[in-house]
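Please look over the sequence and the structure shown here before reading on. The paragraphs below then lead through a metal site and an enclosed space.

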Amino acid sequence: MPSVTLSTSKPTTASADVLILGIRGDEDKGDLAETLDLLGFSGEKGQSVRFPSGGLVKAPVVVALALPDEPTAEDLRRAAARGIRAAKNATTVAIALHPAGVDEVEAIAEGIDLGAYRFDTYKTRSAAKDAAPVEIASAVILTPFARQTTATKAVERASTVALAVNTARDWVNTPPGDKRPADLVEAITTHVTAAAGTAVKVSVWDEKRLAKERCGGILGVGQGSDSPPRLVTLSYEPENAVAHLALVGKGITFDSGGLSIKPGASMQTMKLDMAGAAAVVAATVAIATLGLPVRITAYACLAENMPSGRATRPGDVLHMRSGATVEVHNTDAEGRLVLADGLALAAEAQPDHIVDVATLTGACIVALGSHTSGILGNDDDFSETVLAASAAAGESMWRLPITEEMKGIVTSSTVADLRQHNPKPYGGALFAAAFLREFVGDVPWAHLDIAGPSFNEGSAVDYTPVGGTGTGVRTLVRLATELAGSR
Ligand code: BES
Ligand code: MN
Ligand code: ZN
């Protein structure tokens, strides 16, 4: 990530390869007015132009971005990222987006670090490397608040959160053959140790321990794979904790569907199916790095969903951690099975709240589109708290209900306690949440279905890159911040 600093310099005199300049509605454009007019810059939302400054300002190239009259933090987060992506070959950039306060400075810093993200680990051809933009080494945010320590702290916070988002993106983008459960355990352990030192403890259950602990959901999903499942538990226990938040993430390292195998086209992006686990792990590390006074216990339920002679069959009954039995109908509805064990363990820890994050259902994408996650839960107040955190973080989410209809179907198995799958093709996101609710006891719980927003199959927009997006991380960090009473 670029190094981000603050300066009180004026945009006209800032020295950098590129000046990223935000222009609000009827703002005086000074010496640039004529050039901007000739380039057809009208100030319409989302508009941007790039031109050589010809000595009008000190920086040799200007990227001008249209801003609303009173930009929100999210407007600025997006504009900063758009500017960074337009600054192509620059090594140094100066960013003048007129932040109204420290929160806006933080959003700009996040936009820089998120917009500069690239995943080129697997690019080896020199032509591809040459065509890739030079990495932006440093970005300076121009603001009169530059000398305030609250602003410096905001930039530090932004870089901690952006590192977490970018780490989650890297994990999602990693090819599925390179992140089978044991590989992902290693990547997680390495990241936790590097970023949080000993502040976050890691414990790993292998398949033998999972059997001893009666985690039949995780084992049932993982048993078709040559690479056995794992449960990773992270704990961050600050002395001054004011709340205990448990996080549970779906970590299917590849979802082939199992014996209920997916058609080829639907399988293509299924390396994304561990995005929930990536988000809870990365967020836990960020929360610890920020030193927030909230105890976190995070569970990453890792398994590879594969068909084989050992795979779980439709009709099999699984004995779950909670003690409940579950009749399997469709091995492609695997996420709820691994989460059920993670949620039961979370509930046993008696936290104040549980949040799970999962790329759970295509039905949620049908309901809300690919840019909005679903929030479902067993406690209206807590769901509203999570919704508010998502809005403050700039992640689009929307509440969906868990209806009585679904409760009835979940408890309608003729051979086991619970039915895993709804025979009717309606309300799939609601049914999945009704199933999960059976495992959380009476702990206030919210479920985030991130199936749509976790992965961008289109082209990069603002701070959202192609591929893994890291969605969920910012909402979780914001939620912990609010539970800590720090905002
Ligand atoms: N991982 C998928 C959900 C998914 C679909 C995530 C598309 C991202 C994009 C999940 O395990 C799944 O296969 N769900 C099934 C459930 C069905 C069998 C009840 C689905 O959505 O079709
Ligand atoms: Mn599936
Ligand atoms: Zn899945």
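A residue counts as buried when its relative accessible area is under 20%, as exposed when that area is over 50%, and as partly exposed in between. The model itself is predicted, and with these cut-offs two of its residues can be placed. Glu334 is buried, because its relative accessible area is 1%, whereas Asp332, with a relative accessible area of 22%, is partly exposed.

Both residues take part in a metal site. The manganese ion (ligand 2) is coordinated at 2.1 to 2.2 Å by Asp255 through OD, by Asp332 through both O and OD, and by Glu334 through OE. Along the chain, the donors of this manganese ion follow the spacing D-x76-D-x1-E. Asp255 has a further role in the site, since it coordinates the zinc ion (ligand 3) as well as the manganese ion (ligand 2), and these two ions are 3.2 Å apart.

What arrangement do the donor atoms around the manganese ion (ligand 2) make? For six octahedral donors, the ideal angles at a metal are 90 or 180 degrees. The 6 donor atoms around the manganese ion (ligand 2) subtend angles of 71 to 169°, and the arrangement is therefore irregular.

Glu334 leads on to the enclosed space, as it is one of the residues that line the largest cavity, including also Gly220, Val221, Asn305, Met306, Thr331 and Leu337. The count of cavities of 30 Å³ or more comes to 1, and the largest cavity has a volume of about 80 Å³. By class, its lining has 5 nonpolar, 6 polar and 1 charged residues.

Conventions
Residues are numbered from 1 along each chain as its sequence is written. Chains are lettered from A and ligands numbered from 1 in the order in which they are written. This is a predicted model: local features need pLDDT of at least 70, side-chain atom pairs count only at pLDDT 80 or more; totals for chains, interfaces and linings use all residues. Side-chain values use heavy atoms; hydrogens and water are left out. Donors are N, O and S atoms within 2.8 Å of the metal (3.2 Å for Na, K and Ca); water is not among the atoms, so sites may look incomplete. Four donors count as tetrahedral if all angles lie between 85 and 135 degrees; four count as square planar and six as octahedral if opposite donors are over 155 degrees apart and all others between 65 and 115; anything else is irregular. Buried means under 20% relative accessible area, exposed over 50%, partly exposed in between (1.4 Å probe, protein chains only). On a 1 Å grid over the protein atoms alone, a cavity is a set of points where a 1.4 Å probe fits but cannot get out, and a pocket is an open set with protein on both sides within 12 Å along at least five of seven lines; lining residues have an atom within 4 Å of a point. Grid points are joined across faces, edges and corners, and a volume is the space filled by probe spheres set on the points. Ala, Val, Leu, Ile, Met, Phe, Trp, Tyr, Cys and Pro count as nonpolar, Asp, Glu, Lys and Arg as charged, and the others, Gly among them, as polar.
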